[in-house]
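Got the model open in your viewer? Keep the selection box handy, and we'll go from stop to stop.

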Amino acid sequence: MQISKITHNSSKYPDLLREIAHPPKQLFMLGELPEGPYVAIVGSRAMTDYGKQVTFQLAGDLARAGCVIVSGLAYGIDAIAHQATVEAGGKAVAVLAHGLDQIYPVANRTLAKKILAGGGALVSEYEVGVEAFKSNFVARNRIIAGLSKAIIVTEANAESGSLITANFGLEENRLVMAVPGNITSPRSAGPNNLLKKGAVPVTDSSDVLPLLDLPELKTATVKARSKEEATLLELLGQGVNSSEALIDQSGLSAAQFANIITLMEITGKVRNLGAGQWVSRSEPLTKRK
């Protein structure tokens, strides 16, 4: 796939990005910019299980509702937002802080290919050969905010670079939103502070979609095939997500749990977030395009 170039004067240059105080003079791109309302989801690289869970659910649901999910392809929240989007069959845009002849971090190269295969795009203001200097990431954040109608911070510490993206959004009159978190968790300090300053609280996609003039996403309830599956789905719905807690509260043995949860994963009822964390999967009744 060849890298294309869009100048500030091009008709293909994104209108929202053109409006910001310091728009990039040019954009380099792999893939094509998808149509749809753009929603940025950003957060900490060192995320918690809570951050991983809420980001995956929120990004997937918004993608299924027709939103284009924008993030920075970094470790942590960015990668989870992109991954949830491609798994939901949605379109993602990754804004990079270096030339498009490389992917940083290298571990996300496969994810970048999935974004392109799903009809999304990789975007940068930097020419081929420019490396990922620290200052580039701050500049990159204004593009993430500039492309997006809404910016959602799902989890971030008080000094996170994600808050730079949110602040760019505030300066450019974008809708800034935040997922409330545990007040004792440093990773929730960023979004909690944004909420104090007037950011819109987000607990699920229904808090976002009406503000983008999109109808609420209707999903079908996952059906259990046994009493044990029903118990696990009920616990997951209550926010019990770790293997240890699910075993303890379901009354299943470790061996029984392993067999049942594996079958539920194979049949698409649950998803393994890694590190023994699980979420249930709801299927959209209709998928918007």
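Start with the lining of the largest pocket in this predicted model: by class, the residues there split into eight nonpolar, 10 polar and two charged. To centre your view, select Gln53, Val54, Gln57, Thr203 and Asp204, which of the 20 lining residues lie nearest the pocket's centre. The space in there comes to about 390 Å³. Now colour by element: helix 2 (49–64), helix 8 (227–237) and strand 12 (277–280) are the ones that give two or more residues to this lining. Helix 2 has the largest share, with six residues.

Next, the second largest pocket, at about 290 Å³. Which residues should you pick to find its centre? Go for Arg45, Phe137, Arg140, Asn141 and Gly161, the nearest of 19 lining residues. By class, you'll get seven nonpolar, eight polar and four charged residues in this lining. Strand 3 (38–43), helix 5 (134–147) and helix 6 (162–171) each put in at least two residues, and helix 5 supplies the largest share, six residues.

Stay with helix 5 and select 134–147. Is this helix mostly covered or mostly open? Mostly covered: 10 of its 14 residues are buried. Among them are Phe137, Arg140 and Asn141, the same three names you just clicked around the centre of the second largest pocket. The buried set also takes in Asn136 and Arg142, then runs on through Ile143, Ile144, Ala145, Gly146 and Leu147. To see what does the covering, show helix 1 (15–18), strand 4 (68–71), strand 5 (92–95) and strand 7 (150–155), which are included in the cover along with strand 3 and helix 6.

Several of those strands belong to the next stop, so switch to cartoon view. Here you have an open sheet of nine strands in the order 1-2-6-5-4-3-7-8-9, with mixed pairing. Look at the two ends: strand 1 (4–7) and strand 9 (200–201) are edge strands with a single partner each, so one side of each has no neighbour in the sheet.

Now zoom in on strand 6, residues 121–124. As a rule, side chains in a regular strand alternate between the two faces of the sheet. In strand 6, Ala121 and Val123 point one way while Leu122 and Ser124 point the other, and all are buried.

What does strand 6 pair with? On one hand there is strand 2 (residues 26–31), running antiparallel to strand 6 and joined to it by four bridges; select Leu30 and you'll find it opposite Leu122. Strand 5 pairs with strand 6 too, in the parallel sense, over three bridges. Two pairs to click there: Val93 stands opposite Ala121, and Val95 has Val123 as its bridge partner. To follow the connection, trace the chain from strand 5 through helix 4 (residues 109–117) to strand 6, a right-handed β-α-β crossover.

Last stop: Lys113, which sits in helix 4. Why does Lys113 count as exposed? Its relative accessibility is 57%, and the cut-off for exposed is over 50%. Before you close the viewer, set up a C-alpha to C-alpha distance from Lys113 to Glu172: the two are 59 residues apart in sequence and 31 Å apart in space.

Terms used. Residues are numbered from 1 along each chain as its sequence is written. This is a predicted model: local features need pLDDT of at least 70, side-chain atom pairs count only at pLDDT 80 or more; totals for chains, interfaces and linings use all residues. Side-chain values use heavy atoms; hydrogens and water are left out. On a 1 Å grid over the protein atoms alone, a cavity is a set of points where a 1.4 Å probe fits but cannot get out, and a pocket is an open set with protein on both sides within 12 Å along at least five of seven lines; lining residues have an atom within 4 Å of a point. Grid points are joined across faces, edges and corners, and a volume is the space filled by probe spheres set on the points. Ala, Val, Leu, Ile, Met, Phe, Trp, Tyr, Cys and Pro count as nonpolar, Asp, Glu, Lys and Arg as charged, and the others, Gly among them, as polar. Buried means under 20% relative accessible area, exposed over 50%, partly exposed in between (1.4 Å probe, protein chains only). Contact means heavy atoms within 4.5 Å. Two strands pair if DSSP finds at least two bridges between them. A crossover is right-handed if, with the strands pointing away from the viewer, the path from the first strand over the helix to the second runs clockwise.
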